[in-house]
Amino acid sequence: MREFDYIIVGGGCAGLSLAYELEINEKLKNKTLAIIEPRAEYKKDKTWSFWKVAAHNFDDCVKKNWENFSVNIPKKTNHLECKIYPYQSIDSGLFYEKINNKLKENNNISFFKDISEINSKNSFVFNSVPSIKKDYRNLWQHFCGVEIETQNNFFDDEIFNLMDFDCDQRESVHFFYTLPYTKTRALIETTWLSKMNDDSQKDYDTQIKDYIENHLNLKNYKIIYKEEGAIPLFYPTYEKEKNKINIGTAGGMTRLSTGYTFLNIQEHSKYICQNIENISNAKKFEISKKYQFLDDIFLRVLDKNPELMPNIFFKMFKSSPKTVIKFLSNKSNFLEDLFIVLKMPKLTFIKALFY
Ligand SMILES: Cc1cc2nc3c(=O)[nH]c(=O)nc-3n(C[C@H](O)[C@H](O)[C@H](O)COP(=O)(O)OP(=O)(O)OC[C@H]3O[C@@H](n4cnc5c(N)ncnc54)[C@H](O)[C@@H]3O)c2cc1C
């Protein structure tokens, strides 16, 4: 059986981002790489969006950039500007195509459907397949989105709506998210932050239909794409293994208070690439402990007081957009952290330390 210097288990966002980073930095000229990916074909299955607080390799896969966004609670809307850190949406179809075309140029890179097809005993493994058991004590961000097309101009494509809490909360945390790509096309997502122990929250199609037709008052549209997912708002746990690093969601790259993962994956890929020659001894790359601590408290508050969350999020976005974006994208300094923390209901957050 064939042996490889490196194995990437899972050719999704993190696996392919890492392979691409290694390839463009010529780290695979004299090394071999096997990518283990069971999917039969690559096609668009996700839209990755984030505030661009750091450079990445995929500007040519960006579907749209926005410099303005809004956050709503019933009867109140806050408009914010994000020119300094534009919000970007990446089309996963373009991302897969770009990377796979690049990787094809190097004969040292091979794809397999299952790890049992190769000898993995002496390889260094980058694993992006999380081992997560459904456990009703853990919180998830679960959602379903549809891209719709309207006959006439309907959307203001200069501004996206990050969170609209003006919807049924069902004793949980629920909001809609709208990304208008053009005046006639938009991705509209229903998003829940919950333990996923209530299947009644999963009537996503009905929620989206109701929101589009009765809240946005849009009757004439067609659905052209649909995506659904659940992001764990907890870190998968693993035994530490020599010659193995977890990447992507499996590697703790999700910011737990927001679900944002894409840019952290890119930074992790760059870090691995810079340290690839001595990767077994490189320090573990992780989201800073300060955010791990703050997100833990935030999620405890969310768990115990879901009814407070629309106001808490709304208040958070009353800070300067630059501060709140940096905070949510792991780029804030101490003063900016303090600014956000002081916007939170103090007693509720102090109590959460003792839950
Ligand atoms: C629908 C959706 C939308 C999201 N939107 C955003 C967003 O807007 N912004 C953001 O920052 N984050 C977003 N996320 C979170 C995160 O960025 C993505 O989940 C991202 O794809 C995580 O990358 P990954 O490589 O860890 O996982 P994946 O991209 O899921 O890759 C894992 C790969 O492993 C493969 N695999 C599965 N089982 C095996 C096996 N046994 N052996 C080998 N391979 C296997 C899968 O086929 C897959 O290709 C979203 C997540 C989802 C699900």
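1. The ligand has 29 residues around it. Gly-10, Gly-12, Ala-14, Gly-229 and Gly-248 are the closest. A residue counts as near if its C-beta atom, placed from the backbone, lies within 6 Å.

2. This is a predicted model: local features need pLDDT of at least 70, side-chain atom pairs count only at pLDDT 80 or more, and totals for chains, interfaces and linings use all residues. Numbering starts from 1 along each chain, as its sequence is written.

3. By class, the shell around the ligand holds 13 nonpolar, twelve polar and four charged residues. Ala, Val, Leu, Ile, Met, Phe, Trp, Tyr, Cys and Pro count as nonpolar; Asp, Glu, Lys and Arg as charged; the others, Gly among them, as polar.

4. Helix H1 (13-24), strand S3 (47-51), strand S14 (221-232) and helix H4 (262-274) each supply at least two shell residues. S3 gives the most, with four. Helices (H or I, at least four residues) and strands (E, at least two) are DSSP runs, numbered from the N terminus.

5. The ligand lies between domain 1 (6-56 + 91-131 + 236-281) and domain 2 (140-232), because both give residues to its shell. The bounds come from an automatic or database domain assignment.

6. Five strands form an open sheet in the order S8-S2-S1-S9-S15, with parallel pairing. Strands S8 (109-112) and S15 (244-246) stand at the edges with a single partner strand each, so one side of each has no neighbour in the sheet. Pairing needs at least two DSSP bridges between two strands.

7. S1 (residues 6-9) and S2 (residues 33-36) run parallel, joined by four bridges. Ile-8 has Ile-35 in S2 as its bridge partner.
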